[in-house]
Amino acid sequence: MIRLLGFRLFQALMVALLVGALTFLLMSLLPGDAAYRIAAGRYGYDMVNGAAAEAVRAELQLDQPVLWRFVGWMGDVLTFDLGTSLVSGTPVAEVVRHELGSSVRLALGAVLLSLLIGPPLGVLAGLRPGGWLDKGLLLLSTATRAVPHFVLGVVLVLVFAVSLALLPSAGHGTWAHSVLPTLTLALGLAAVSSRVARDATLKVAASPFYAFGRLKGLSGARVFQRHGLRNIGVPVVTYLGVQLVYLIEGVVVVETLFAWPGIGHGLVHAIVQRDLPMVQGTALAMGLMFVLLNTAVDLANHFIDPRRKDA
């Protein structure tokens, strides 16, 4: 356990270094004048001119070498200072804290909903392989996983917001606004977790220890409860860690599509406005969130894995 936590801490440090370096490099390679974009973000595109852009360039020292600015940012990060937004002047940590809370609520809701949809259907399909549920679930999960987030989100908006007028198409403020973005993320996650649960169920049901439980006279439900659930849960939880990439990637697209005030939505706006501290702060938060969630997955597996000696 200590070795695992130490490795995750080292991974977090590497994430901070790589995220900082890559965002600096990629933002510096973007075409256009960064000072002009920042000035436009401050004053509006109709009010900005060359003089305003030059004033911003001098104020923010954008003519300084990129390496020098990167070293300065890394020094600030080591003191837990993410700087201030070049556009609004608001501390980056304050904005990220607010946006991260909205994103975590959305992501947590999507994960919980996907676990309520995907694994139960996968287990039922695995207990009856080749049946109508198994074949139908394969077709549905393949089609859902192949559809990009923005296409799935648009389809849900057309059905539930435009045609049926049951839910708002975008925005935030009430629970109804969170339904469509949460469902968009959850369906993609459930499509994969259902197949993982189905394959794990098939493997467990064909194992010698499962057959021995039935041979002892235990009912099918009892054997499944005592010897099946934990063994099925390990690959499902493990693959959840792999799906975190899909989840974090989807948060950026879904929040932008539904105007959800989360960290993905903020990242897109920061990139457009060339607000480098905001880009670095949001990207760093997303990278560290990925490390933290993977650590949580490892700890969950540590406790549910029946192969542990103390289990």
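What is the volume of the largest pocket? About 910 Å³. The notes below take the fold, then the pockets, then some local points. The model is predicted.

1. **Overall fold.** The protein chain has 12 helices and 0 strands. Read along the sequence, the pattern is α-α-α-α-α-α-α-α-α-α-α-α. Along the principal axes, the C-alpha atoms fill a box of roughly 85 × 55 × 30 Å.

2. **Burial and contacts.** The protein chain has 311 residues, and 41% of them are buried. Take the contacts with a separation of 6 or more: 74% join residues 24 or more positions apart. The accessible surface comes to about 16,900 Å². Carbon and sulfur atoms hold 70% of that surface.

3. **Largest pocket: lining.** The lining of this pocket, with its volume of about 910 Å³, counts 35 residues. Nearest its centre lie Leu284, Ala285, Leu288, Met289 and Leu292. Two or more lining residues come from each of helix 1 (2-29), helix 4 (66-78), helix 5 (92-127), helix 10 (220-257) and helix 12 (276-304). Helix 12 gives the largest share, 10 residues.

4. **Largest pocket: character.** The lining divides into 32 nonpolar, 1 polar and 2 charged residues. For probe placement or docking set-up, that is the composition to keep in view.

5. **Second largest pocket: lining.** Here the space is about 600 Å³. The lining has 28 residues, and the closest to the centre are Leu62, Arg69, Leu86, Leu276 and Pro277. Helix 1, helix 2 (34-43), helix 4 and helix 12 each supply at least two lining residues. The largest share, 6 residues, comes from helix 4.

6. **Second largest pocket: character.** This lining splits into 14 nonpolar, 9 polar and 5 charged residues. In the largest pocket the split is 32 nonpolar, 1 polar and 2 charged.

7. **Helix 1: length.** Does the span of helix 1 agree or disagree with its residue count? It agrees, because 28 residues at 1.5 Å a residue should span 40 Å, and the end C-alpha atoms are 41 Å apart.

8. **Helix 1: buried residues.** Which residues of helix 1 are buried? They are Arg8, Ala12, Val15, Ala16, Val19, Gly20, Thr23, Phe24 and Met27. An α-helix has 3.6 residues a turn, so residues three or four places apart point the same way. Helix 1 also gives two or more residues to the lining of the largest pocket, and at least two to that of the second largest.

9. **Ala165: backbone.** Most residues other than glycine have a negative phi. Ala165 is not a glycine, yet its phi is positive, about 55°. The residue sits in the loop between helix 7 (149-163) and helix 8 (175-205). Is Ala165 buried or exposed? It is exposed, because its relative accessible area is 59% and the cut-off for exposed is over 50%.

10. **Arg274: backbone.** Arg274 also has a positive phi, about 60°, although it is not a glycine. Its place is the loop between helix 11 (263-272) and helix 12. Arg274 counts as buried, because its relative accessibility is 6% and buried means under 20%.

Technical notes:
Residues are numbered from 1 along each chain as its sequence is written. This is a predicted model: local features need pLDDT of at least 70, side-chain atom pairs count only at pLDDT 80 or more; totals for chains, interfaces and linings use all residues. Side-chain values use heavy atoms; hydrogens and water are left out. On a 1 Å grid over the protein atoms alone, a cavity is a set of points where a 1.4 Å probe fits but cannot get out, and a pocket is an open set with protein on both sides within 12 Å along at least five of seven lines; lining residues have an atom within 4 Å of a point. Grid points are joined across faces, edges and corners, and a volume is the space filled by probe spheres set on the points. Helices (H or I, at least four residues) and strands (E, at least two) are DSSP runs, numbered from the N terminus. Ala, Val, Leu, Ile, Met, Phe, Trp, Tyr, Cys and Pro count as nonpolar, Asp, Glu, Lys and Arg as charged, and the others, Gly among them, as polar. Buried means under 20% relative accessible area, exposed over 50%, partly exposed in between (1.4 Å probe, protein chains only). Contact means heavy atoms within 4.5 Å. Accessible areas come from the Shrake-Rupley method with a 1.4 Å probe; for residues, only the protein chains shown count as cover. The expected span of a helix is 1.5 Å times one less than its number of residues.
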